[in-house]
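Student: I've got this structure open and I'd like a close look at one part of it. Could you pick a single residue to start from and then work outwards to whatever surrounds it?

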Amino acid sequence: MRFQDAVKDARAVVYAGIQADPLVARAATLLADATPAQRVLARAVMNGETTDTDGWRRMFPTLFDEGDPARTARSAAILDASLDVAERGEQVRSQFRGALVEELTAILLARRVPPDVIRRERRVLFDGVRAEVHPYDVTVERAGAAEVYDCKWGARGINADVLHQLDDARVHATEVDEPIRVALVVFDAVRSCEVRLAQQTAPTAGTTLVALETLDRLATRPGAAA
Amino acid sequence: MTGPLTLADLMGRALDAYDALTTLGEDVEDEWTYVNDLSTAWRERMEAVSAARGAEPVSEPIAGAIDGLVDEVGRITDPHRAIDWLSTFPQVALIAIGEAP
């Protein structure tokens, strides 16, 4: 088993520009230390129609309570960054949201493993097995303890292709006695993810789900094991 | 004379808006089953909270939060966006009333 950079086609070059945008790092850094409710704020604003700051503050009264200045300050910073994403326009914000989940995943993983083993947009290759076209979003590349993550903004992004790709990597790695942990990181509620997963016929038993409420496990548990 | 606004009243408003969102999401035919399964799962959660705490009077900030949320989803015209909000709406509503999603 070995890892390899993805082919840099035109789409990948454009997306790399999105990934490198300072706004992605700014938002992900804020969300890495956010509460689940603050993460829902970010999700709502980046999915939202309005870009009215006061309107969003009104919808989240528990996050903007004057009795807790530290929480209010962080919530305000998350709201500002989320509005900056929302104001980029529908197509661009969709790409930003995907890049944000990947960056957030990498930041949280770096609290558990050395940053130099965390890679992005990588393929996993096995001798005699045709390589998948699409790379994995985030990988942890350590001998005997590799981890592979696919990242989604919402539960609706969970589909058969993604689940098969993750499970194929797990199965092939097991066949060569180099087990890897595979996980799906979704910036959406567990309940929504479970509804989506229940509809899938692709294998899910060997894939860990990391949802919005459990993101912090990336920083503490290998493969975000449940 | 009407009594104070209760949590059941407020969740009633939220569920009406949620039903409209579900109807809009159903326009994406390929996702009809997902839309309805998702809507059912979250509706059950919101209804359970309403049944348990429905008699509680609600404060102005909480009522304002739900009204703001109902206004927000009322602006949505894109069925794909509606599907995003079928998951997001209940999370925001539940946080506003002090519940974990």
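**Starting from one strand residue**

Tutor: Let's start with A:E121, which counts as partly exposed because 19 other C-beta atoms lie within 10 Å of its own. The cut-off for buried is 20 or more such atoms. Keep in mind that this is a predicted model. A:E121 sits in strand β2 of chain A, which runs over residues 118–125. Its backbone is worth a look: phi is near 55°, a positive value in a residue that isn't glycine. Most residues other than glycine have a negative phi.

A:D177 is another residue to check in this way, with a positive phi near 55° and, again, a side chain other than glycine's hydrogen. You'll find A:D177 in the loop between α7 (160–175) and β5 (180–186) of chain A. With 8 C-beta neighbours inside 10 Å, A:D177 counts as exposed.

Now zoom out to the domains. Chain A is split into domain 1, made of 2–7 + 115–224, and domain 2, made of 10–97. The C-alpha centres of these two domains of chain A are 25 Å apart. Where they meet, six residues of domain 1 of chain A are in contact with six residues of domain 2 of chain A. On the domain 1 side of that contact in chain A, you get four nonpolar, no polar and two charged residues.

Next, the helices of chain A, beginning with α6(A), residues 90–109. At 1.5 Å a residue, its 20 residues should span 28 Å, and the end C-alpha atoms are 29 Å apart, so the two figures agree. α6(A) is mostly covered, with 14 of its 20 residues buried.

Helix α2 of chain A (residues 22–32) has A:V24, A:A27, A:A28, A:L30, A:L31 and A:A32 as its buried residues. Those buried residues of α2(A) pack against α1 (10–19), α3 (36–47), α5 (69–86) and α6 of chain A. A:L23 also belongs to helix α2 of chain A, but A:L23 counts as partly exposed, with 15 C-beta neighbours inside 10 Å. Leaving aside neighbours within four places in sequence, A:L23 is in contact with A:A81, A:D84, A:V85 and A:F96. Try clicking on A:L23 and A:L100 too: they are 77 residues apart in sequence and 8.9 Å apart in space, C-alpha to C-alpha.

Helix α8 of chain A (residues 190–198) takes us over to the other chain. Its buried residues are A:R191, A:S192, A:C193, A:V195 and A:R196. In chain A they pack against β5 and β6 (207–210), and in chain B against α2 and α4.

That brings us to the interface, where 27 residues of chain B are in contact with 24 residues of chain A. On the chain B side, α2 (32–53), α3 (60–74) and α4 (79–96) each supply at least two residues. The largest share of that side, nine residues, comes from α4(B). By class, the chain B side divides into 15 nonpolar, seven polar and five charged residues.

Those helices of chain B also pack on one another. α3(B) and α4(B) meet at an angle of about 170°, with their axes 9 Å apart, and they are therefore roughly antiparallel to each other. From α3(B), the residues involved are B:I62, B:A65, B:I66, B:L69 and B:V73, and they meet B:W85, B:F89, B:V92, B:A93 and B:A96 in α4(B). This contact of α3(B) with α4(B) has ten nonpolar residues, no polar ones and no charged ones.

For α2(B) and α4(B), the axes come within 10 Å and cross at roughly 10°, which makes α2(B) roughly parallel to α4(B). On the α2(B) side the contact is made by B:V35, B:L38, B:S39, B:W42, B:R45, B:M46 and B:V49, and on the α4(B) side by B:I83, B:L86, B:S87, B:P90, B:A93 and B:L94. By class, the contact of α2(B) with α4(B) has ten nonpolar, two polar and one charged residues.

Note on methods:
Residues are numbered from 1 along each chain as its sequence is written. Chains are lettered from A and ligands numbered from 1 in the order in which they are written. This is a predicted model: local features need pLDDT of at least 70, side-chain atom pairs count only at pLDDT 80 or more; totals for chains, interfaces and linings use all residues. Domain bounds come from an automatic or database domain assignment. Two residues are in contact if their C-beta atoms, placed from the backbone, lie within 7 Å. Ala, Val, Leu, Ile, Met, Phe, Trp, Tyr, Cys and Pro count as nonpolar, Asp, Glu, Lys and Arg as charged, and the others, Gly among them, as polar. Helices (H or I, at least four residues) and strands (E, at least two) are DSSP runs, numbered from the N terminus. Axes are lines fitted to C-alpha atoms, for helices over the stretch in contact, and angles run from 0 to 180 degrees between N-to-C directions. Angles under 35 degrees count as roughly parallel, over 145 as roughly antiparallel, 65 to 115 as roughly perpendicular and the rest as oblique. The expected span of a helix is 1.5 Å times one less than its number of residues. A residue is buried if 20 or more other C-beta atoms lie within 10 Å of its own, exposed if 12 or fewer, and partly exposed in between; C-beta atoms are placed from the backbone.
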